[in-house]
Amino acid sequence: MNNAQFAPWEDPAAKPLIEFKGVTKNYGTFTAIDNIDLKIYPREFFALLGPSGCGKTTLMRMLGGFETVTKGSITIDGEDMAGIPPNKRAVNMMFQSYALFPHLSVADNLAFGLKRSDMPKSEIQGRVEEMLRLVKLQKFAGRKPHQLSGGQKQRVALARALAKAPKLLLLDEPLGALDKKLRQETQFELMDIQEKTGTTFVIVTHDQEEAMTVASRIAVMDDGKLVQVDTPDRIYEAPNSVYVADFIGDVNIIEGGVSNVSGEAAELSWSEGKPAIKGVSGERIQKGSSGAFAIRPEKIAISRDKPVDVHNCVQGVVEDIAYLGNMSTYYVRLDNGSLIKAQTANSRRIARRGLTWEDSVWLSWTDTAGIILPT
Amino acid sequence: MNFSRKALIGIPYVWLLVLFLVPFLIVFKISLSDYAISIPPYTPTLDTTNGWWAGIRELWAGWDFENFVFLTQDDLYWKAYLSSLKIAVIATLLTLLVGFPIAYGMASAPPEWRTSLLMLVILPFWTSFLIRVYAWIGILSNEGFLNQFLMWTGITSEPLVILNTDWAVYIGIVYTYLPFMVLPIYSSLEKLDESLIEAALDLGCTRIGAFWSVTIHLAKPGVIAGSFLVFIPTLGEFVIPSLLGGSKTLMIGKVLWEEFFSNRDWPVAAAVAVILLMILIVPIVLFQQNQQKQREAAK
Ligand SMILES: Nc1ncnc2c1ncn2[C@@H]1O[C@H](COP(=O)(O)OP(=O)(O)OP(=O)(O)O)[C@@H](O)[C@H]1O
Ligand SMILES: [Mg+2]
């Protein structure tokens, strides 16, 4: 999905399906959503990611029509949604609690929305069967929700939300209740269904790995604001702030002052008497201001001898080693006291060198491996 | 199953046997006897002067279904049964009509209020039932509070005659049995997950549509339980019709009382009671089935 062809957000002529314009949501004096601008395009798999209480559910519920907007406007397919109740929106929601009707069978749960649409009666049965097939629950059509397992319930909830072929499907932590294996399976199932049906998905998740796996774009939220909206690889490779870098995946942060900025490259002086670190220049950094260098552990090479021809290299002592099967993470203490994580594949070449605790080592990385961000 | 477990399960059965089956058999026995001016006021009684065996045979020979035949001949009785059924059905529906909105309001109230609201519903039970019914006489009589109020506001110029009519009986029953309706409905509505309503809205229901297709459905077990809890005691109700109802209010409970205490015709009164119980068995069994189903659904 993250192929080059599908990137409507880069096309200024593309028409967004959803547009938030200066959307604010207050609960009393508390601001849950703070002046958000956002465009989501048709067929996107859009993930909202952020810590608990940052306003993900609130944003979603405003799209569904369950919360009013305090300020600003939300348009779906060019239509202003202000005052439009949930039943009049071409949006369906998969609830975190699944919200299956306990008095109805699986098939009747799926038919519930169809019976209240303008679909002719004769077609409903067929559509229900199609949905049952989609989520592989044909055998369970007659069961009541309380006779289903957690994963089956979740699939019914998904099928029910998809049955009316909404333009937009909202999923609030849809996989929260599943164990890791089922979760991964379902993630791929979700992506598959999304591609098959062409529905636009907006998914809320706590789990950054999940967001990275399924999403075409990710919005990282903090405290009611969007911190960064970008593709998963950009979020990972080019976070726009220390917050995002820290939130997504493992990262080393080295703080200092921005000593030089020249186009794509920048330098950070971080320790007296040591050469400045070279990295990619992040957004909004300025020479002379404070900054932080962020680098992923797997981008750092570790060696016993000082590598030649590499500008960025620092010396330290191995403090701890974590073996992760095919990978090892080395925790290296630098002279200035900071702890850096470096991750390497356990190839034989490195294993033979036998790095161990208390060894003095060199860490090195290329000039484009890390990014210098404003703080 | 070990002995103590058996004993534990046995307790409710012993209870039923001693406090229900034995009294019922005594009443049934009396209903098969004949009226007599004696103490007790019926024959035959067990006379063991010629030995136990002869006494029991004499007893057996004296029993017949004459009283039950009598009940079918005098139209007072079946009319009283029918009228009781009618009053019980209407009163149950009225109680439902009043009780459902109350339960719904309670269940939608903020959680911190619910306990107090629940208390308010239960509170009247802490005073004597008789006193509360007498209080209604004070409210409903021609010179009562209600009429004084209506005439003071000018809504009516003449006092409304409510006391000693069927209306007063309905008011009394609705008032008395309201908690039996409200509590089961409340408990089923309280469990209702707000997101189910939101899901219904999301799938195209209007607010009212969501109420009909979700709320009402999920409140059904509570509605059924509440209705039986009102219907069953109302059918044999005696105090309310005799205090609030008029001479024309015909209810089997009143007939039973008069047969027993005014006519002192124990055998006929016993026959009336046996029939009443048989009529009640149907709703009681249905009620039990509803409860059973609910318990299974909750699993
Ligand atoms: N009805 C409400 N009244 C007052 N405050 C609310 C209400 N609903 C949400 N909030 C507040 O708004 C903020 C955002 O809530 P929201 O449910 O959107 O968080 P979230 O990002 O979905 O969190 P989580 O990941 O834990 O689900 C929270 O601080 C929450 O306390
Ligand atoms: Mg949430």
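In what follows, Ala, Val, Leu, Ile, Met, Phe, Trp, Tyr, Cys and Pro count as nonpolar, Asp, Glu, Lys and Arg as charged, and the others, Gly among them, as polar. The exercises concern a predicted model.

**Exercise 1.** Determine which residues surround ligand 1 and how the shell divides by class.

*Solution.* Step 1: List the residues. Ligand 1 is surrounded by A:Tyr27, A:Phe30, A:Ala32, A:Ser52, A:Gly53, A:Cys54, A:Gly55, A:Lys56, A:Thr57, A:Thr58, A:Glu173 and A:His206.

Step 2: Sort them by class. The shell holds 4 nonpolar, 6 polar and 2 charged residues. Because Lys and Glu count as charged, A:Lys56 and A:Glu173 belong to that class.

**Exercise 2.** Describe the polar surroundings of ligand 1, its cover by the protein and the elements that contribute to its shell.

*Solution.* Step 1: Consider the side chains. An N or O atom in the side chain of A:Ser52 is 2.4 Å from an oxygen atom of ligand 1. For A:Lys56, a polar side-chain atom is 2.7 Å from an oxygen atom of the ligand.

Step 2: Consider the backbone. A polar backbone atom of A:Cys54 lies 3.2 Å from an oxygen atom of ligand 1.

Step 3: Turn to the cover. On its own, ligand 1 has 630 Å² of accessible area, of which the protein covers 61%.

Step 4: Identify the elements. Two or more shell residues come from each of strand E2 (30-40) and helix H1 (56-64) of chain A. Helix H1 of chain A gives the most, with 3 residues.

**Exercise 3.** Summarise the overall build of chain A and its domains.

*Solution.* Step 1: Count the elements. Chain A has 9 helices and 20 strands.

Step 2: State extent and burial. The C-alpha trace of chain A spans about 75 × 45 × 40 Å along its principal axes. Of the 375 residues in the chain, 52% count as buried, that is, under 20% relative accessible area.

Step 3: Locate the domains. The domain assignment gives domain 1 (8-237) and domain 2 (252-374) of chain A, and their C-alpha centres lie 40 Å apart.

**Exercise 4.** Compare the UniProt annotations of chain B with the model.

*Solution.* Step 1: Read the domain record. An unreviewed UniProt entry assigns "domain: ABC transmembrane type-1" to residues 81-287 of chain B. That span is 79% helix and 0% strand, with its end C-alpha atoms 21 Å apart.

Step 2: Read the transmembrane record. The unreviewed UniProt entry lists several spans of chain B as "transmembrane region", among them residues 12-32 and 266-287.

Step 3: Examine these two spans. Residues 12-32 of chain B are 95% helix, with end C-alpha atoms 29 Å apart. Residues 266-287 of chain B are 100% helix, and their end C-alpha atoms are 31 Å apart.

Methods:
Residues numbered from 1 in each chain as written. Chains lettered and ligands numbered in written order. Predicted model: local features only at pLDDT ≥ 70, side-chain atom pairs only at ≥ 80, totals over all residues. Heavy atoms only, no water. Domains from an automatic or database assignment. UniProt positions renumbered as here; feature names shortened; annotations may be inferred. Helix = DSSP H or I, 4+ residues; strand = E, 2+ residues; numbered from the N terminus. Near = heavy atom within 4 Å. Polar contact = N/O pair within 3.5 Å; in protein donor to acceptor, adjacent residues only side chain to side chain. Areas by Shrake-Rupley, 256 points an atom, 1.4 Å probe, with all protein chains shown as cover. Buried < 20%, exposed > 50% of the residue type's maximum accessible area, 1.4 Å probe, protein only.
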